[in-house]
Amino acid sequence: MTLLKVDDLSKEFGGVHAIEDLSFVIEPGTIHAIIGPNGAGKTTLFNLITGVYTPSAGEVYLDDRPVTGKAPFELARAGMSRTFQNLQVCLNMSALDNVMLGRHMHLKPGFVSGLLRLPGVVRRDREARQMCAGLMDFVGLGNHIHAAADSLPYGALKRLEIARALAAEPRLLLLDEPAAGLNSAETREIDAVIQKVAERGVTVVLVEHDMKLVMGISDHVLVLDYGRKLAEGRPQDIRANPDVIAAYLGTAHAFA
Amino acid sequence: MRRRLMRALGMIALALGMVIVGRGPLYAADGSIRIGSFLAVTGPASFLGDPELKTLQMYIELINTDGGVNGRQLELIHYDSQANPKNAVGFVKRLIDQDEVDIIIGGSASGETLAVMPLVDKAEVPFISLAGSIKIIDPVQKWVFKTPHTDRMACQKIFEHMQGEGIQRIGMISGTGGFGKSMQGQCQEVAGDYGIEILADETYGPKDTDMTAQLTKIKGTEGIQAVLNPGFGQGPAIVTKNFRQLGFEVPMYQSHGVASKKYIELAGEAAEGVRLPAAALLVADKLPDTDRQKPVVVAYKQAFEDRHGAGSVSTFGGHAYDALFMAVEAMQRCQCSDAAGVRDELEKTAGFMGTAGEVTMSPEDHLGLGLSAFRMLEVKGGDWALLD
Amino acid sequence: MLAELVQFLFAGLTAGAIYALVGLGFGLIYNASHVINFAQGEFVMLGGMTTVFAAAAGLPLAAAVAVAILVTVAAGLALEMVAVPTRNASVVTLIIITIGASISYRGAAQAFFDKQFHTLPSFSGEDPIDFLGAAILPQTLWVLGITVLIVIALQLFFHRTLLGKAVLATSHNRLAARLVGINVQLVLLLSFGLSAALGAIAGVLITPITSTNFEVGIMLGLKGFCAAILGGLGSGVGAVVGGLLVGLIEAFGAGYISSEYKDAMAFGIILLVLFFMPSGLFGKRTTERV
Amino acid sequence: MLKVLASPRGGGLLVLIVLIALLPLGFQNNFHYDVAIRVGFNAIVVVGLNLLIGYAGQISLGHAGFLALGAYASAILTGSHDWPPVLAMLTGAVGVGLLAFVVARPVLRLKGHYLAMATLGMGMIIAIVLNTESQLTGGPDGMSVWVSFGVAGLEANTPRQWYWLVGALLVVWVWLALNLIDSPFGRALKAVHGSEVAAEVVGVDTTSVKVTVFVVSAVVASLVGSLSAHYISFISPQEASFFHSIELVIMAVLGGMASIYGSLVGAAILTVLPQVLTAFEDFEHLVFGLVMMAVMIFMPKGIVPSLGLWLAGRARRPGGEAAP
């Protein structure tokens, strides 16, 4: 059984193909990287998989069941979670509440039970609070637990998104450029976090420009160029692939 | 931050400056007779409330300089209801409970009057309304009186005139404000009594800017012999202009809702030949000297226009004049200002000559005006002229 | 039948042209500052009322109009200086500030002018012109003609002049505009001033037809907002098309269906359009970037 | 004990209860009761509206329409059909809830100013229908509501009785609202404001959250409409007017977006201010407008949150949470 299967997926924006006839498979329990030059369609692909965009053609399968066109929250409830390249943090809430939001679907968040503050709600909320504080610690935000989200620096917000995604206890975690904008020390920390997540049995798909990070932790790499698949395989094979090198030589990125 | 503080402080200073310009309420010495008032001084009926308030202010000042009533000064306590019934209810509670007024004059529009009627009834305070609807005095409520002719009477007066002219089929275009809508309903009810058929029945919003569409529809209706426009504010002036623009060849009838010179000013030449029922006030100078109403209306017109400019008089302000003097005369007759005494005396008003006509009240009639108090007028040469 | 149709058409176009001018005013300010200015209708009122009072004070009509435009522009600039620099203000807060401004302008007009209705003489008489059997007032042609001229002038300003291009650039990206050396503060003042001037002109144009008082701005502002939204916020073409559409729906609705429900029909159609085109007819369709 | 007082749910609520209990000591006449009752009615509506506008970030310029529908349902059902007031009120609320549910989905897909336009249009259509269908509604002149409000033999007739009824309802509703915003649902509500897509990808059905809060705020408005119709004994289409909708939004924003207590402060100020400003006579509206602008410029987040931040700043406590 495959966890995620993308079949002949296409997305057009006003006649421009952002993704074209793309097919690939993601096996459970791997760290899977998607790389490609800017504008290759990586983020669009994430948006298609997580239901933020509806594909123009093709199908997405989760656990071999078609999920194309389902709303993001339905996919989240089916076990998918993600972070964003352009930060999507609720700046009107505290940092911890942002992570607590990730627990939402596990908390039986009824309107009436919330209105009456039933004992079950209070208890589950308290447990969730502890768990989420633990998660913040896990991603390295241990000393920001009581901060307001809008007081955190950029790098912390990136990690806050990861903590939030983890709070949802996904089976499939999609990380959109988790290391972008971070310095090398912070990147190493993120690297460690991702590996620890994967060790817990969560399948990770990441879009990343930092080749050192990608090649270091990925089991499998997919290369996109102009919305199409350029190559796919183990990191060492990708590194040697002449098409990939040709595509990348045109850009400023260099292989480490 | 500093700049924002400066701006905010500037604004507060400006607001406070207004306190000095707009003086606070003048609380007269104890022992004054307190006249409470709520009028639509702003809002959609402001051209009613504005002259009404000016009239009350002017005459209360005059009465006070002449020594007041029964040796006591009058004190006016006024609130702007904006013609919103909810505001009116709040202000009347304030007038009754906080200001403890002796009598209430007010309610420029029918909606706000109807809204406060249960309150004055319960509090047993005499109340003279300045609004048009027949519902205010029919059925009669013990504490409620009113001075203007009812909309039903206006319909009757107009239809009576039409009958005399041999008009049987008319088109109607009414404003959707309280006044227009209420009169539209009354006219529909009484039209049959005069053998008049309403073939086209159109409406327009109180703030509409163009009524040619509705009038075109009326013009396209077969057999229309006249057009009637119940409404007030700038609407009737636009209707009148559009009416001329479309080249109607039948006469136009307006209601007493346009009974001020302002209407002629706004509609301009288009108003020529328009007919309407109104109080004699509008033609004060043209009344024969034998007319018993003449001295009253001439005096009011002069006093108001001396203070607020030539051509500024309207029958609306006249309603307030009538209410004030009816109340003052009642107080003088009974030498009292207590609620029950004044009320009883108001009900006994007989032969009071006001701007609207001669008023004789009774326990069954809290208006006391006959159809004859209305005159049919026509616009001629940019001024009102008596038709009959 | 044709005469009727043409009559409705001109009724709709006249009202629609005024809505369009007010709608354009909304768009100008929105583009430059992302503020929805609910005091836009008050500019129309100030234009009409100031002209009336300046003329009554003895000025010739042309001079009175000039004074009115100046007064209204001053009111617009004052609003810019007060409202726009408010930092950390959410969209709703800014809306409330402009509503406060509209109440203030109305209150000032009521206190310093008066509460009566006033009118102005038509620019070229009141004799209707016969056109395909319909009777058209000369003032209607003035309204339509000047609206067309203003739309053309705005197009030229925005696409042919450096200053106009600077305004456009600021509307697209204020920070980038600042970086390339555009005086953003000037652009903001210009937009508010221009928008106020548009309102004042609309007020002068329509006063001979509808008359004016201190409260006429409320409904015109609301209809202008409808025009701007229906057309798509920030789109000049949109505001014009939106304004004309609202005017035409009202006129044809009143003429052919029900005069009581003509306004409801206009609102109903705007709702329907928004359900299928959430950014209005000509609004930028943005895909969420995440 | 101290802990209870320090928490907004415990302390604030306690202060509110004490305030409501002690206020009548300062009342000299029924007019004072009347103003307090109006403040209470407005506060209940505005707390509901603030859940929608302040917490979920969805503006509505049409809620007066829902309020008026509730009022008219009560007036018509108790007046012409002799229904018991409570049954009429609940029927109105269910009807308004259904209407709100039907329009919520298409309307709440819109954002920002487009949402403002759509809700405004919806409110205007309601107002026009109430104004036009005079056979049923009495038209622009409005209609009287003769029946006293009461349940099971207990009737509210005097201002005093109304005061305690409205006060009790306000306390209960504030308690419920505070509970709600502190629950997972409340977190989802705030997240819809903060980032809809972020909420979606962790499993929040944002559409359903928005629809729920829209319906709830509409139902609360409808209930208050019914109650105030019985209290004032009169209703007119102006209840549904654009101005009334705007007035409610101003209360919410002036008092403080996303602040339950702010809603109370906003409702109190906007209800009392016009009564105070009558002293300015002709300058009343000008002063009102200037005061409104000054408050929003000086305190763009609204009175209660701004004062809260200011106090927090003075106490030099870092990372002060916004008052709920």
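Start by selecting B:Cys187 in this predicted model: at 0% relative accessibility, this cysteine counts as buried. Now add its partner, B:Cys155, to the selection; a disulfide joins the two, with 2.1 Å from S to S. B:Cys155 is buried as well, its relative accessible area being 0%.

Look along the S-S bond next. The link of B:Cys155 and B:Cys187 is left-handed, with -90° about that bond. Colour the two helices while you're here: B:Cys155 sits in helix 5 of chain B (residues 151-165) and B:Cys187 in helix 6 of chain B (residues 178-191), so the bond ties together parts that lie 32 residues apart in sequence.

Stay in chain B and jump to B:Cys334 and B:Cys336. Here's another disulfide, S to S 2.0 Å. The link of B:Cys334 and B:Cys336 is left-handed too, at -80° about the S-S bond. Switch on a surface and check both ends: B:Cys334 is partly exposed, with a relative accessible area of 23%, whereas B:Cys336 counts as buried at 15%.

Zoom out for the tally. There are two disulfides over all chains, and if you number the bonded cysteines of chain B in sequence order, they pair 1-2, 3-4.

Last stop, chain A: select A:Cys90, which is in no disulfide. The nearest cysteine sulfur belongs to A:Cys132, 14 Å away. Why is there no bond from A:Cys132 to A:Cys90? Because 14 Å between their sulfurs is too far, and A:Cys90 holds the closest cysteine sulfur to that of A:Cys132. Both ends of that gap are tucked away: A:Cys90 is buried, with a relative accessible area of 0%, and A:Cys132 is buried at 0%.

Conventions. Residues numbered from 1 in each chain as written. Chains lettered and ligands numbered in written order. Predicted model: local features only at pLDDT ≥ 70, side-chain atom pairs only at ≥ 80, totals over all residues. Heavy atoms only, no water. Disulfide = S-S within 2.5 Å. Helix = DSSP H or I, 4+ residues; strand = E, 2+ residues; numbered from the N terminus. Buried < 20%, exposed > 50% of the residue type's maximum accessible area, 1.4 Å probe, protein only.
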